[in-house]
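Hi,

Here is the structure I promised to pass on. Have a look at it first, and then read my notes below.

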Amino acid sequence: MLRIVSFILLLLSICAQQTAYAQLKPRILIFSATESFRHDNIEEGALALMEFFETKGLQVEHSEDVELFTEGNLLKYEVLVFFNTTGNLFNAEQKRAFQKFINSDKGFIGIHAACDTEHDWPWYGKLLGAYFKSHPAIQEASIEVQNRKHPSAKHLPEIWRVKDEWYDYDLVNPAIQVLMNLDEKSYKGGKMGENHPIAWFHEFESSRVFYTGLGHRIELFEDSNFLDHLWGGMRYVLKDLK
C-alpha cells in the first residue's frame, strides 16, 4: 500500500512539474480571421507558423474566433500574431478587450495583410503602424535592410532579394522605426517613392509591436531567412534580447 501511495505522489509531483514548466513557456495566439479578401495561404501558413514557433519553445494556438477577444481570455497570452487578417472584425466590447491587452505589457505581431484590417478604427492603424493601400503584381524586389542590429534583421544581407506581393501603405504612423525599405527602382508598380517601409517595429502604449509586409507567398514559410525574420520579431515583442 505504501508503495502505491508513494507512486501516486511521484506521479502527482511529475505532473505538477510539467504544468509549471509549461506555464513558463510564453503562450501566443495566431489569429487569422477574415471579413474581406482571404489569402489562400492562411491554413498552410498558420500551420507552418505553429510548427516553427513550437520548435522555439512557445505554446502556440491558432484561431479565427473573434469571441476569444475578451479581457479574461486574452490575458493568458503573451503575444497576439495577426496573420493575413482582413476587414472589420471586432465589436465594441472586443475592441476594449484588445486595447486592454495592449495596455498590459504584452506583444503584438502583424504579418502581411494584418494592415488590411480595421480600416475604420484609427487606434488599430496606429498600433500596427500603417494601413494597406494597394499592391502591384507579385514580383521580385530588392529590400534595403536598414537596421541590421535588430534581431529580426541582423541575419539578413544589406540587400535582400525576395519575391512576394509588395504593399503600398497609407496613414503611416511616424513613430514606427523602419527595419527594411523597399527599393521601388527594383520592381514595377510601387507608389510610395524612396521612403517605402516594408518591415518595422515600435512601442505602442505599454506593448511592443513588430510588423512585416512579407508573407503572401506560401513558399516564404519554408525560407529560413523569412522564418528567422519572424523569430527576431517575436523575440523583440517578448523582450527576449539576450
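Just after helix 2, glycine 57 takes up a positive phi of about 95°. Helices and strands here are DSSP runs numbered from the N terminus (H or I and at least four residues for a helix, E and at least two for a strand). Before going on: this is a predicted model, where local features need pLDDT of at least 70 and side-chain atom pairs count only at pLDDT 80 or more, while totals for chains, interfaces and linings use all residues. Residues are numbered from 1 along each chain as its sequence is written, and side-chain values use heavy atoms, with hydrogens and water left out.

Back to helix 2, residues 42–55. Its 14 residues should span 20 Å at 1.5 Å a residue (1.5 Å times one less than the number of residues), and the end C-alpha atoms are indeed 20 Å apart. Buried in helix 2 (under 20% relative accessible area with a 1.4 Å probe, protein chains only; over 50% is exposed, in between is partly exposed) are Ile42, Gly45, Ala46, Leu49, Phe52 and Phe53. These cover an arc of only 130° around the axis (taken from the directions from the axis to the C-beta atoms), so they sit on the same side of helix 2. Glu44 and Thr55, on the other side, are exposed. What do the buried residues of helix 2 pack against? Their partners, with contact meaning heavy atoms within 4.5 Å, are strands 1, 2, 3 and 4 plus helix 6.

Now the sheet. It is open, has 9 strands in the order 2-1-3-4-11-10-9-6-7, and its pairing is mixed; two strands pair if DSSP finds at least two bridges between them. At the edges, pairing on one side only, are strand 2 (59–63) and strand 7 (159–164). Strand 4 (residues 107–111) runs parallel to strand 11 (residues 207–212) over 5 bridges, and glycine 107 has arginine 208 as its bridge partner. Helix 6 (residues 224–237) lies across several strands, including strand 11, to which it runs at about 165° (axes are lines fitted to C-alpha atoms, for helices over the stretch in contact; angles run from 0 to 180 degrees between N-to-C directions).

Last, the aromatics. The whole structure holds 29 aromatic pairs (ring centres within 6.5 Å, using the six-membered ring of Trp; planes under 30 degrees apart are stacked, over 60 edge-to-face, the rest tilted). The rings of tryptophan 121 and tyrosine 124 have centres 6.4 Å apart and planes at 20°, so this pair is stacked. Both residues, tryptophan 121 and tyrosine 124, are buried.

Cheers
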